[in-house]
Amino acid sequence: MDGRRRIAEPLGGADERPAAGAAPAARSIGGNLQRALDGVRIRRVVRRWSGPLFQRRLPRGTGLGAFALLMAASLGYGVVRGGHVEAVLTELSDTRDAIANSLGFRITSIALAGGRQLTREEILTTAGVTGRSSLLFLDATAARARLKANPWIAEATVLKLYPGRLHIKISEREAFALWQKDGKVAVISADGTVVENFVSQRFTRLPMVVGTGADVKARDFLAVVDGFPAIRDQLHASILVADRRWNLRLKNGITVRLPEDGIDMALRTLVDLDRDKKLLSRDIDVVDLRLADRVTVRLTDDAYNARAEALKPAKPKRKGGDA
């Protein structure tokens, strides 16, 4: 019993027996003390690093700014997901131009030069110039790039003269020939650029070239053919064969096979034969000029059959007394 007449009992309960020695109790106390010290150290480290962060006061208006940023991010996400980016950018651009126009930077004069195939409206639309555009925010470099992206335009110059004058000068490509490939016909310029995929009535008289690679090789070849007007005037189409040599398809259906080299000499031979022998007026199908030392001619089927019939030996006549 203690001094107050109370019975001392072990903390673990009446049934708990004391340990055999004092060493386990000491180890238990030491372990608890070590864990307590480790906890103190951890709390000190946490306070040391987190204290300045959580004790620092945020600037006034931080919450409002964060809310505004969140709303802007949500609005931007909705615009992108809804596919309205272009419409929003156009609206912002129009607003910006309207402000610049109100300050005296409205485009009041537009001078255009060099347009023949393209109309004034087509040039301005391609350059991105509208009735709402302001000279201040017009990007001359971007306008020039858009103009040169048009296949008809080979070169372009865009000049801004403040406060309200705009000069645009273009250099157009010329329609040179009709190019047929894979059954489709397009209008090409002399450098082979396809300037129009639809052949309108005004281009039907252009020379026709056919085959892969004919678009870029047409200028040099047709320049040679132009030296022989008698052949050029009868020409319906020039066909590039295996990207190496040309065949001529004449308007009367005759095919002229030209060599890979020496085209001008072959055409001179053809002109002489037509002048002296009326070769291209005969009933023939193919004139082969690929060999320099000879000319081979193939008759049409009708002419061949007629010739074969004419070369058959005549049947002997029967005598009157023969039975």
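An open sheet of three strands, with mixed pairing, has the order β1-β3-β2 in this predicted model. Strands β1 (109–113) and β2 stand at its edges with a single partner strand each, so one side of each is left without a neighbour in the sheet. Neighbouring strands of this sheet are turned by 10° against each other on average, direction ignored. The protein chain as a whole holds nine helices and 12 strands.

**Whole chain**

- The protein chain has 323 residues, and 25% of them count as buried.
- Its accessible surface comes to about 23400 Å², and carbon and sulfur atoms hold 56% of that area.
- Among contacts with a separation of 6 or more, 46% are between residues 24 or more positions apart.

**Pairing in the three-stranded sheet**

- Strands β1 and β3 run parallel and are paired over five bridges.
- In this pair, A113 has K169 of β3 standing opposite.
- Strand β2 (residues 153–161) is antiparallel to strand β3 (residues 165–172), and eight bridges join the two.
- Here A156 is the residue opposite I170 in β3.
- β2 and β3 form a hairpin, with three residues between the strands.
- P163 lies in the loop of this hairpin, between β2 and β3.
- The peptide bond leading from Y162 to P163 is cis, and its omega is near 10°.
- For background, most peptide bonds are trans, and most residues other than glycine have a negative phi.

**Helices against the three-stranded sheet**

- Helix α4 lies across β1 and β3 and runs at about 110° to β1.
- Helix α5 lies across β2 and β3, at about 160° to β2.
- The packing of two helices is described by the angle between their axes and the distance between the axes.
- For helix α4 (residues 120–127) and helix α5 (residues 140–148), the angle is about 125° and the axes are 7 Å apart.
- With that angle, α4 is oblique to α5.
- On the α4 side the contact is made by I123, T126 and A127, and on the α5 side by A143, R146 and L147.
- Sorted by class, the residues in this contact are four nonpolar, one polar and one charged.

**The nine-stranded sheet**

- A second topic is an open sheet of nine strands with mixed pairing, in the order β6-β5-β4-β7-β8-β9-β10-β11-β12.
- Its edge strands are β6 (194–196) and β12 (296–299), each of which pairs on one side only.
- The average turn between neighbouring strands of this sheet is 30°, direction ignored.
- Within the sheet, strand β9 (residues 245–250) pairs with strand β10 (residues 255–257) in the antiparallel sense, over three bridges.
- R249 stands opposite T255, a residue of β10.

**V209 in strand β7**

- V209 belongs to strand β7 (residues 208–210), and β7 sits between β4 and β8 in the order of the nine-stranded sheet.
- V209 has a relative accessible area of 0%, so it is buried; the cut-off for that class is under 20%.
- Leaving aside neighbours within four places in sequence, V209 is in contact with L178, W179, Q180, I188, A214, A218, L222, S238 and W246.
- One of these contacts, S238, falls in the range of β8 (235–241), and another, W246, falls in the range of β9 (residues 245–250).
- V209 and H236 are 27 residues apart in sequence, and their C-alpha atoms are 9.1 Å apart in space.

**The loop between β8 and β9**

- A242 is in the loop between β8 (235–241) and β9, and D243 is in that loop too.
- A242 is not a glycine but has a positive phi, near 55°.
- D243 is likewise not a glycine, and its phi is positive at about 60°.
- A242 counts as exposed because its relative accessibility is 59%, where exposed means over 50%.
- D243, with a relative accessible area of 41%, is partly exposed.

How values were computed: Residues numbered from 1 in each chain as written. Predicted model: local features only at pLDDT ≥ 70, side-chain atom pairs only at ≥ 80, totals over all residues. Heavy atoms only, no water. Helix = DSSP H or I, 4+ residues; strand = E, 2+ residues; numbered from the N terminus. Buried < 20%, exposed > 50% of the residue type's maximum accessible area, 1.4 Å probe, protein only. Contact = heavy atoms within 4.5 Å. Areas by Shrake-Rupley, 256 points an atom, 1.4 Å probe, with all protein chains shown as cover. Axes fitted to C-alpha atoms, helices over the stretch in contact; angles between N-to-C directions. Parallel < 35°, antiparallel > 145°, perpendicular 65-115°, else oblique. Nonpolar A, V, L, I, M, F, W, Y, C, P; charged D, E, K, R; others polar. Pairing = 2+ DSSP bridges.
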